[in-house]
Amino acid sequence: MEQQIRESNLNEGEPGWYPTFTPAPIARTVETDAQWENVTFWREHHARAMGLYLRTFQTLCAHLGAPKTCRIGKCRRRRDCLGRRDPDDWSYPLAPLIPPCVPLKEEIFQPLREEIMRELQRRCASDEEEENSPEFE
């Protein structure tokens, strides 16, 4: 089952520019209202982070040219990786966070994950340099 994402608004920074995950419902037990609010906040935060990670992976796949040969029509039409796997299928580690155009073989997707991590580390380092520059003092 492939979930649909909002195709009408995929511009960075605007609502809906990355895929969304919905946390599975859990039963509230003995938590206070403040504790339950904290649990809910972090579950939603984790769901947003998973969506951002999936979008990052999709962006890398698009950069590498995957939409040209993708079996999903909307990816070919928009020339962007927009596909996603079933968000509830965790039969393979991280499967919902990997676009369907990437085979679930560690020797294939692990180098892509490492590329994402290098890019994120590079961007975080450049952000730290900007914050420490004299312009921000």
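Contact here means that heavy atoms lie within 4.5 Å of each other, and in this predicted model the description can begin with a residue for which that criterion gives a clear list of neighbours. Leaving aside residues up to four places away in sequence, Arg55 touches Trp17, Tyr18 and Pro19, and also Asp80, Cys81 and Leu82. Arg55 belongs to helix H1, and because its relative accessible area is 10%, below the 20% limit, Arg55 counts as buried. Its side chain makes a polar contact with the side chain of Asp80, at 2.7 Å.

The helix that carries Arg55 deserves a description of its own. H1 has 31 residues and spans 45 Å from its first C-alpha to its last, which is close to the 45 Å expected at 1.5 Å a residue. Its buried residues are Ala47, Met50, Gly51, Tyr53, Leu54, Arg55, Phe57, Gln58, Leu60 and Cys61. Just after H1, Gly65 adopts a positive phi of about 95 degrees.

From the helix one can turn to the interior. In soluble globular proteins, nonpolar side chains tend to be buried together. In this model the largest nonpolar core holds 16 residues, of which Phe21, Phe57, Cys61 and Val102 touch the most other members. Helix H1 (33-63) and helix H3 (106-131) each supply at least two residues of this core, and H1 gives the most, with 7 residues.

Phe21 shows how one of these core members is surrounded. With residues up to four places away in sequence again left out, the contacts of Phe21 include Ala47, Met50, Gly51 and Leu54, and these four are also among the buried residues of H1. Phe21 further touches Arg84, Pro87, Pro96 and Leu97.

The remaining part of the picture concerns the backbone in the loop between helix H2 (73-78) and H3, where Arg79 is placed. Although Arg79 is not a glycine, it has a positive phi of about 55 degrees. How much of Arg79 is accessible, and is the residue buried or exposed? Its relative accessible area is 72%, so Arg79 is exposed, the cut-off being over 50%. Leu94 is located in the loop between H2 and H3 as well, and its phi, near 65 degrees, is likewise a positive value in a residue other than glycine. Leu94, however, has a relative accessibility of 26% and therefore counts as partly exposed.

Key. Residues numbered from 1 in each chain as written. Predicted model: local features only at pLDDT ≥ 70, side-chain atom pairs only at ≥ 80, totals over all residues. Heavy atoms only, no water. Core = buried A, V, L, I, M, F, W, Y, C linked by side-chain atoms within 4.5 Å. Buried < 20%, exposed > 50% of the residue type's maximum accessible area, 1.4 Å probe, protein only. Expected span 1.5 Å × (residues − 1). Polar contact = N/O pair within 3.5 Å; in protein donor to acceptor, adjacent residues only side chain to side chain.
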